[in-house]
Amino acid sequence: MNKNSYSNSYKEAGVDVTAGYKSVELMKQYVARTKTAGVVSGIGGFGGLFKPEFSGMQEPVLVSGTDGVGTKLKIAFLMDKHDTVGIDCVAMCVNDVICCGAQPLFFLDYIATGRNFPEKIATIVGGVAEGCVQAESALVGGETAEHPGLMPDEEYDLAGFSVGIVDKAKIIDGSKVKAGDVIVGLQSSGVHSNGFSLVRKALGIDEASVKKYVPELGKTLGEALLTPTKIYVKSMKKLMQAVEVKAVSHVTGGGFYENVPRMLQPGMTAKIKLSSIEKLPIFTLIQDAGKISDHDMYNTYNMGIGMCCVVSPEDADTAVSILCDAGEKAFIIGEIAAGEDGVVLC
């Protein structure tokens with residue numbers, strides 16, 4: 001840190017540049033956990049440097065994904081718990097990247113805050129680093145911006161993006177899917193990181209409600225809602241190495257009705273058996289409290305399935321076994337049929 005770099009005038013306006021320097025120093029220990037073979041530079045420069053490995057690839061293709069945590073952050077504010085939302089931020093990006101068959105290479109985050117509290121920022125980045133470790137991806141940089149007057153001092157917004165790589169011949173795009181193929185679902189860890197505006201409305205979220213113990217959840221409501229988004233990168237890589245995965249869908253905002261059709265080509269319909277999905281208790285709580293229709297629930301939430309993929313019938317049992325061995329709870333949840341419906345829940 002440059003000891004001559006400070007501005008009393010800027011601090012009086014609400015921006016403390018020295019707090020930013022302290023944040024960087026505190027977060028370095030977390031960033032170090034994510035270092036992979038391709039990392040060329042440390043944090044603090046103007047750009048994060050990464051040298052990708054192209055050996056064994058005929059036509060390397062870069063794949064990118066970007067997202068934020070959304071209003072799930074409101075729960076973190078009420079709980080004053082900031083060590084897990086970084087995992088959500090990474091998950092929302094790398095789970096998209098793996099849908100193409102790509103390995104996430106590196107990640108960058110962006111934190112905008114009303115006031116820079118270095119320890120809090122470092123805690124947030126610690127979560128981002130944990131997510132990167134789970135995704136076998138390097139955290140090569142990021143940005144923290146202090147926005148006095150734009151948001152309250154104690155609040156922040158968190159977003160990021162991931163860059164991955166895949167050989168062009170191995171891109172998963174749904175083009176090989178045909179009628180009779182099987183849909184395998186991977187269980188989610190909870191609400192993940194979408195639909196929280198409806199969560200807060202349905203459950204009447206406030207400081208008291210998030211700290212209330214809910215027997216059917218086995219924890220407080222806030223703890224259940226802050227459960228980090230599951231990162232599926234490692235298990236999906238193992239699956240892709242063992243069998244031909246024809247299509248993958250990350251079930252996020254828009255639930256089944258929006259996300260499942262995105263993995264299919266025109267003329268294909270996914271028929272999903274609701275009885276095969278283990279609906280998590282948190283979704284029953286939200287639905288009952290908000291008096292929400294089944295359609296709207298499945299059009300907003302993952303309902304217990306955070307990711308699904310399509311394989312040939314002869315590979316279905318093997319796929320489930322591989323995913324379970326990798327630590328997932330996986331199930332056969334449906335099949336592919338000819339048609340233009342996109343997805344049918346039955």
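In what sense do strand 8 and strand 10 pair, and over how many bridges? I looked this up first. The two strands pair in the antiparallel sense, over four bridges. I noted one pair of partners: Ala247 has Val310 in strand 10 as its bridge partner. I keep in mind that this is a predicted model.

**Entry: the sheet**

Next I traced the sheet that holds these strands. It is open, has six strands and mixed pairing, and its order reads 8-10-5-11-9-12. I then checked the edges. Strand 8 (247-250) and strand 12 (343-345) stand there, and each has a single partner strand, so one side of each is left without a neighbour in the sheet. I also looked up the twist. On average, neighbouring strands of this sheet are turned by 25° against each other, direction ignored.

**Entry: strand 10**

I turned to the other partner of strand 10. Strand 5 (residues 182-187) pairs with strand 10 (residues 305-311) over six bridges, in the antiparallel sense. I picked out two positions here. Gly185 has Cys308 in strand 10 as its bridge partner. Leu186 stands opposite Met307 of strand 10.

Is strand 10 buried or exposed? I counted seven of its seven residues as buried, meaning under 20% relative accessible area. Strand 10 is therefore largely enclosed by the rest of the structure.

**Entry: helices on the sheet**

Which strands does helix 8 lie across? I found that helix 8 (residues 233-242) lies across strand 5, strand 8 and strand 10. Helix 8 runs at about 5° to strand 10. Helix 12 (residues 316-325) packs on the sheet too, and I saw it touching strand 5, strand 10 and strand 11 (330-338). The direction of helix 12 makes about 145° with that of strand 11.

**Entry: a helix pair**

I then went to helix 6 (residues 196-203) and helix 10 (residues 281-290). Their axes come within 8 Å and cross at roughly 60°. That makes helix 6 oblique to helix 10. I noted the hand of the crossing as left-handed. Which residues meet there? From helix 6 I listed Val199, Ala202 and Leu203; they meet Leu285, Ile286, Ala289 and Gly290 in helix 10.

**Entry: the annotation**

Last, I checked the record. An unreviewed UniProt entry carries the annotation "domain: PurM-like C-terminal" over residues 178-344. Over residues 178-344 I read 32% helix and 22% strand. The end C-alpha atoms of that stretch are 16 Å apart.

Technical notes: Residues numbered from 1 in each chain as written. Predicted model: local features only at pLDDT ≥ 70, side-chain atom pairs only at ≥ 80, totals over all residues. Heavy atoms only, no water. Pairing = 2+ DSSP bridges. Axes fitted to C-alpha atoms, helices over the stretch in contact; angles between N-to-C directions. Contact = heavy atoms within 4.5 Å. UniProt positions renumbered as here; feature names shortened; annotations may be inferred. Buried < 20%, exposed > 50% of the residue type's maximum accessible area, 1.4 Å probe, protein only. Parallel < 35°, antiparallel > 145°, perpendicular 65-115°, else oblique. Left-handed = near helix turned anticlockwise from the far one by under 90°.
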